[in-house]
Every structure is written in structure tokens, then in C-alpha cells.
Amino acid sequence: MPDEVKTPRTYDSSLRARQAADRRLALASAAKDLFVELGYPATTMDAVASRANVSLKTVYNAYASKSGLLRAVWDMSLKGDLDEAPVAERPWYTSLMSEPDPQRQVAMTAAASRVVKTRIGPMLKVIRDAAPVDEDLAALWELIQTDFWANQHAIIESLDTKGALRPGLDIDHATDLLWTLNHPDVWLLLVDGRGWTPEEWETWFADACQHQLLAPR
């Protein structure tokens, strides 16, 4: 009897990639809950493994260190997913940047900032509080400030090309104003500290930007 011909098993790389991405997302979600509940110092990789119901080896295979895991959690909170595309390439940001009307562009900035800060608010506090005692988190906090200023600078440049800035206000000073008004610390002071709703913050932020940045109609 001739040998039975066996069909070779195909390797579905796309399925493996999706499974790995789903696993990384589940671990990041579990870690985010623990970071918010316990703080960064008290959260261990063992605790993340237990919360996600996986082995410790699985956690380390996905994320080499706790600081690397926290950076992934930050990216997930900031962007809404673990896709590597930067904020500047996100549809909401490109739509904001292409808006021709300055008043509308400021309103869109306020709305987008509210959505993002509602998502990142808890992690902002975790990172800010741990930065003074952890070098990796101090570097991350500094990177957040630098990237944030650069994004605000791009918005101001867009307003400037429309001739929309208040007379006598140069691009760098305008960026400083927008960066300050939109700064995570201000959000934490008003929303986390004083109990403002995100919608109240959005209204205040949009109004402050209109008065501080834009020339009268």
C-alpha cells in the first residue's frame, strides 16, 4: 500500500500576529488597572500576570521590563490602541490640522484634548507621581512634555499661516501659551483636583485659547 501523502500544515503568520497583538493589549489593559489602583512602585510583573491570568514568562515575552510595559500602557492610553502610528498621523489630528477656519480649529483642539485627556488622565497622575523616584519614568515624563510642546507648536504654526494669531504674538510665545493652557498638570488640577467635569474643562480651554491666541474677528 503506498504511503499516505500528508498535506503540509500552513503557517498563518497573520493569525499569529493578531494573537500576539491581542495578548499585548490584554496585558497592557491589566497593567493599566493595576498602575492606577496601586501606583507604579507597588505594581509588579507578577501582579500583572495574575490579573491577566497568564504566566510571568508570557508577560516578560511581551514586555521586557516594567518600565517598558508602562510605556506601552501610556501609548495605549494616549492613542486608544497599541498601533505605532504617532499622534501626528492620527485621523483626528490630521483633520484638526487641515481645518481652514481658526475658530473652528481651536474648538476642535479643545474637543480632541478633552477626549484624549479623559483617556490619559489616570496614567498622567501615575507617571507624574513616580517620575521623581524612577529614572525611566522621569525620562518618560520629560518625553511627554517635549512631544506635547511639539504638537502644540504645529497647531500654532497652522493658525499663523492663516493670519489668525493675536497681533504682536509670535509663534514661540503662542506655543507656550497653548502648551500651558493645555498642559496635563492644568487638567489634573482642575478635573482631578477641583472636580471639574471634562466638558467644563473643554469649554474653559476653548474660551481661554480664543482670547489668548486669536486675533478678534
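How are α5 and α6 oriented to each other? α5 and α6 are roughly antiparallel (angles over 145 degrees), because their packing angle is about 160°.

This is a predicted model, in which local features need pLDDT of at least 70 and side-chain atom pairs count only at pLDDT 80 or more, while totals for chains, interfaces and linings use all residues. Residues are numbered from 1 along each chain as its sequence is written, and side-chain values use heavy atoms, with hydrogens and water left out.

Helices here are DSSP runs (H or I, at least four residues) numbered from the N terminus. Axes are lines fitted to C-alpha atoms over the stretch in contact, with angles from 0 to 180 degrees between N-to-C directions.

| Helix pair | Angle | Axis distance |
|---|---|---|
| α5 (residues 91-98) and α6 (residues 102-130) | about 160° | 9 Å apart |
| α7 (residues 135-161) and α8 (residues 171-181) | roughly 125° | within 8 Å |

The crossing of α5 and α6 is left-handed (the near helix turned anticlockwise from the far one by less than a right angle). Their contact (heavy atoms within 4.5 Å) involves Trp 92, Ser 95, Leu 96 and Met 97 of α5, together with Gln 105, Met 108, Thr 109, Ala 112 and Val 116 of α6. By class, this contact of α5 with α6 has six nonpolar, three polar and no charged residues.

α7 and α8 cross at roughly 125° and are therefore oblique to each other (outside the ranges under 35, 65 to 115 and over 145 degrees). The crossing of α7 and α8 is right-handed (clockwise). Residues of α7 in the contact include Phe 148, Trp 149 and Ile 156, and those of α8 include Ile 171, Leu 178 and Trp 179. The contact of α7 with α8 has eight nonpolar, four polar and four charged residues.

Notes:
Helices (H or I, at least four residues) and strands (E, at least two) are DSSP runs, numbered from the N terminus. Ala, Val, Leu, Ile, Met, Phe, Trp, Tyr, Cys and Pro count as nonpolar, Asp, Glu, Lys and Arg as charged, and the others, Gly among them, as polar.
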